[in-house]
Protein chains: 2
Amino acid sequence: MENRNNNRRSFIKKTALGGLIAVSMPELLSAAMVPSGSEKNTLGKDNVVLFQGDSITDSGRNRDDNSYNNPGVLGSGYAMLAGAALIEKYASLNLQVYNKGVSGNKVFELAERWDKDCLDIKPDILSILIGVNDIWHKLEGNYNGTVEIYRNDYIALLERTRKALPKVKLIICEPFAIPGVKAVDDKWYPEFYSYQKAAMEIAAQFKATFIPYQRIYNEAITRAPGVYWTGDGVHPTLAGAQLMAQAWIDVVKA
Amino acid sequence: MENRNNNRRSFIKKTALGGLIAVSMPELLSAAMVPSGSEKNTLGKDNVVLFQGDSITDSGRNRDDNSYNNPGVLGSGYAMLAGAALIEKYASLNLQVYNKGVSGNKVFELAERWDKDCLDIKPDILSILIGVNDIWHKLEGNYNGTVEIYRNDYIALLERTRKALPKVKLIICEPFAIPGVKAVDDKWYPEFYSYQKAAMEIAAQFKATFIPYQRIYNEAITRAPGVYWTGDGVHPTLAGAQLMAQAWIDVVKA
């Protein structure tokens, strides 16, 4: 319960930060999901959509297969579910949906494989979810990261991306956790909030769409317990993955 | 093209049979999907949902695991996608979604494993998609089936199910194929139509919800080619599976 309360305070604080406190939850979400002053990301004919990130994106995909649009290469998480929804809804656009998430990755590890696993694929829409390992591996004593390293590495990665792919549309997914569920204990807070804030600020800096997954999970745990949505506080269940896919599909249009 | 035309004639014929010819496609679909005079299937707290069928339902699920609600046991097809949508949308109901489809099955093979793979699971909602192998294996010379055998076996299976589970809500999925795509050649027609008609009539007889998947695929191939929706005319791609999952989720409500 204490964790739930902490979580709720965080939500209200962030809401105030965004100046959106007076609107209802659905309005709040949709307002927060697209960059201010801009439209939803528009999909075009033959567009390439790339999901990038860590294990949450990876979700057991077959890394030896470079194809697209099939469940084997898309894994069994939100990227596959969002991909399925994309290729059905926008069938006439002939989209190519790739997933190149790799379990355990932090930002600098995305950078190490970025030419092959992002720039060479030439995405029209690039969606990135990264950050939970940047703090988690540190808390476990396996990594010497800080939020400044996270922020600087992330900015460098996006500058490099924009330089190589000037027209790419960016979607930055907020890293999230469910406090009190298994792996996610008090040690994560308040430090984890600074990673989430960094992701949001980087999205604004690059005029990227920001998907506020922490808020989405905060709302979800009013419908079912935390373990219903993530088994360990970090990795989504199928229900959690669907929750994420739906929020993702809402930030694009034809 | 000839196959497409055949298919279209069948569609119009079936439409006339249902007396629904004057309504538009979306109305037609929603009208056809629920049994006449009844409501959508209502889901209740802790309900068990079971998907049964052949390879289209199976879709690579882990058959050694008897758990529910996770992608491993739900496979990578329409049952998993519908399951994901179900457990997200109706999170507060704490549903249990199972998939017990087995690749290659015909109706009599469902019957052989029905105690263990259906009745023991005590579904509140039972969804069955069966029929394509009943004709396909015959066309390939590996099975001596007829539409009468399909019909009689299917009726016997449902009578047995209703006897063991008097309150079960039944969803009968129409077997479908995309004419002209790989495995589905002229030899399938007009015989395959008689299997589809049998499934529809059995649904009516048992006051089951009927999901008209042939019509749904017929509409889909106006948006993208047949191979976009099924690789071989029979097995759905991820896009085809999502198409089916969406139609499925539309026939239930909380």
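Contact here means heavy atoms within 4.5 Å. This is a predicted model, where local features need pLDDT of at least 70, side-chain atom pairs count only at pLDDT 80 or more, and totals for chains, interfaces and linings use all residues. Residues are numbered from 1 along each chain as its sequence is written, chains are lettered from A in the order in which they are written, and side-chain values use heavy atoms, leaving out hydrogens and water.

**View 1. Where chain A meets chain B.** Of the interface residues of chain A, 100% are also interface residues in chain B, so the copies meet through the same surface. Turn chain A by 180°, with 0.0 Å of shift along the axis, and chain A lands on chain B with an RMSD of 0.0 Å (a least-squares fit on the C-alpha atoms of residues with pLDDT of at least 70 in both). That's how a two-fold axis relates copies.

**View 2. Helices H11 and H13 of chain A.** H11(A), residues 213-220, packs on H13(A), residues 238-249, at about 130°, with axes 11 Å apart. That makes H11(A) oblique to H13(A) (not under 35 degrees, over 145, or 65 to 115). Tyr213(A), Ile216(A), Tyr217(A) and Ala220(A) of H11(A) touch Gly240(A), Leu243(A), Met244(A), Ala247(A) and Trp248(A) of H13(A).

**View 3. Tyr68(A) beside Tyr98(A).** These two rings form a tilted aromatic pair, 5.3 Å centre to centre with 55° between the planes (ring centres within 6.5 Å make a pair; planes under 30 degrees apart are stacked, over 60 edge-to-face, the rest tilted). Tyr68(A) sits in the loop between helices H3 and H4, and Tyr98(A) in strand S3, 30 residues apart.

Key. Axes are lines fitted to C-alpha atoms, for helices over the stretch in contact, and angles run from 0 to 180 degrees between N-to-C directions. Helices (H or I, at least four residues) and strands (E, at least two) are DSSP runs, numbered from the N terminus. Rings of Phe, Tyr and Trp (its six-membered ring) pair if their centres lie within 6.5 Å; planes under 30 degrees apart count as stacked, over 60 as edge-to-face and the rest as tilted.
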